[in-house]
Amino acid sequence: MRADCRTRMAKVGWSAGIDYVSGALSKPSKGGQHSCEKMLLGTHRVAATMSSDCNRLYLRKKVQRSTPVTAREMQARTRFAAVRQAVWDRAHDLNKISQDQAAFIAQKDTAGGIRTMNAWLWKQEGDLYDANH
């Protein structure tokens with residue numbers, strides 16, 4: 001591995017050797033600076049099979065997109081960014097926290113209820129965004 005490659009998000013369990021590797025060990029950068037040519041990704045899972053441990057390493061070349069970004073993709077990106085910001089704002093708005101928590105708890109244990117507060121906020125803000133656009 002080259003010295004300018006970054007190692008983020010990887011989890012390595014050490015013992016006398018390496019017990020497992022999980023995550024990206026090196027990633028190609030988008031900006032072109034300090035770029036690795038390839039991505040090295042390790043996966044680790046405990047599987048209900050003959051062997052209880054499954055470790056895999058994947059090596060992927062850096063790829064260039066061959067098609068331009070479509071209008072639909074740009075709309076999806078715009079929607080995601082707007083909803084993400086709205087969720088953050090709502091989660092930190094002291095005037096809405098108590099009401100949101102009560103509404104979330106009321107629907108959580110119903111059929112089709114959303115199980116996490118974050119997912120509930122995303123649903124609320126996503127529906128609001130869709131209604132306004």
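**Figure 1. Glu125 lies in helix α3 of the predicted model.** With a relative accessibility of 8%, Glu125 is classed as buried, because the threshold for burial is under 20%. Leaving aside residues up to four places away in sequence, Glu125 touches Val83, Ala86, Val87 and Arg90. Two of these partners, Val83 and Val87, also belong to the largest nonpolar core, which is presented in Figure 4.

**Figure 2. Helices α2 and α3 cross at roughly 105°.** Helix α2 spans residues 97-108 and helix α3 spans residues 117-132, and their axes come within 10 Å. The two helices are therefore roughly perpendicular to each other. On the α2 side, the contact is formed by Asp100, Gln101, Ala103, Phe104 and Gln107. Helix α3 contributes Met117, Trp120 and Leu121. By residue class, this contact of α2 with α3 comprises five nonpolar residues, two polar residues and one charged residue.

**Figure 3. Surroundings of Trp120, a residue of the contact between α2 and α3.** When residues up to four places away in sequence are not counted, Trp120 touches Arg90, Asp100, Ala103, Phe104, Gln107 and Ile114. Among these partners, Asp100, Ala103, Phe104 and Gln107 are α2 residues of the helix–helix contact. Arg90, another partner of Trp120, is also touched by Glu125. Phe104 and Ile114 are members of the largest nonpolar core, as is Trp120 itself.

**Figure 4. The largest nonpolar core contains seven residues.** Its members are Val83, Val87, Phe104, Ile114, Trp120, Leu121 and Tyr129. Helix α1, residues 71-91, and helix α3 each provide at least two residues of this core. The largest share, three residues, is supplied by α3. In soluble globular proteins, nonpolar side chains tend to be buried together. Within this core, Phe104, Trp120 and Leu121 also take part in the contact between α2 and α3.

**Figure 5. The protein chain as context for the close-up views, with three helices and four strands.** Along the sequence, these elements follow the pattern β-β-β-β-α-α-α. The protein chain has 133 residues, of which 19% are buried. Of the contacts between residues at least 6 apart in sequence, 30% join residues at least 24 apart. The accessible surface amounts to about 10,600 Å², and carbon and sulfur atoms account for 55% of this area.

Conventions:
Residues are numbered from 1 along each chain as its sequence is written. This is a predicted model: local features need pLDDT of at least 70, side-chain atom pairs count only at pLDDT 80 or more; totals for chains, interfaces and linings use all residues. Side-chain values use heavy atoms; hydrogens and water are left out. Axes are lines fitted to C-alpha atoms, for helices over the stretch in contact, and angles run from 0 to 180 degrees between N-to-C directions. Angles under 35 degrees count as roughly parallel, over 145 as roughly antiparallel, 65 to 115 as roughly perpendicular and the rest as oblique. Contact means heavy atoms within 4.5 Å. Ala, Val, Leu, Ile, Met, Phe, Trp, Tyr, Cys and Pro count as nonpolar, Asp, Glu, Lys and Arg as charged, and the others, Gly among them, as polar. Buried means under 20% relative accessible area, exposed over 50%, partly exposed in between (1.4 Å probe, protein chains only). Accessible areas come from the Shrake-Rupley method with a 1.4 Å probe; for residues, only the protein chains shown count as cover. A nonpolar core is a set of buried Ala, Val, Leu, Ile, Met, Phe, Trp, Tyr and Cys residues joined through side-chain atoms within 4.5 Å.
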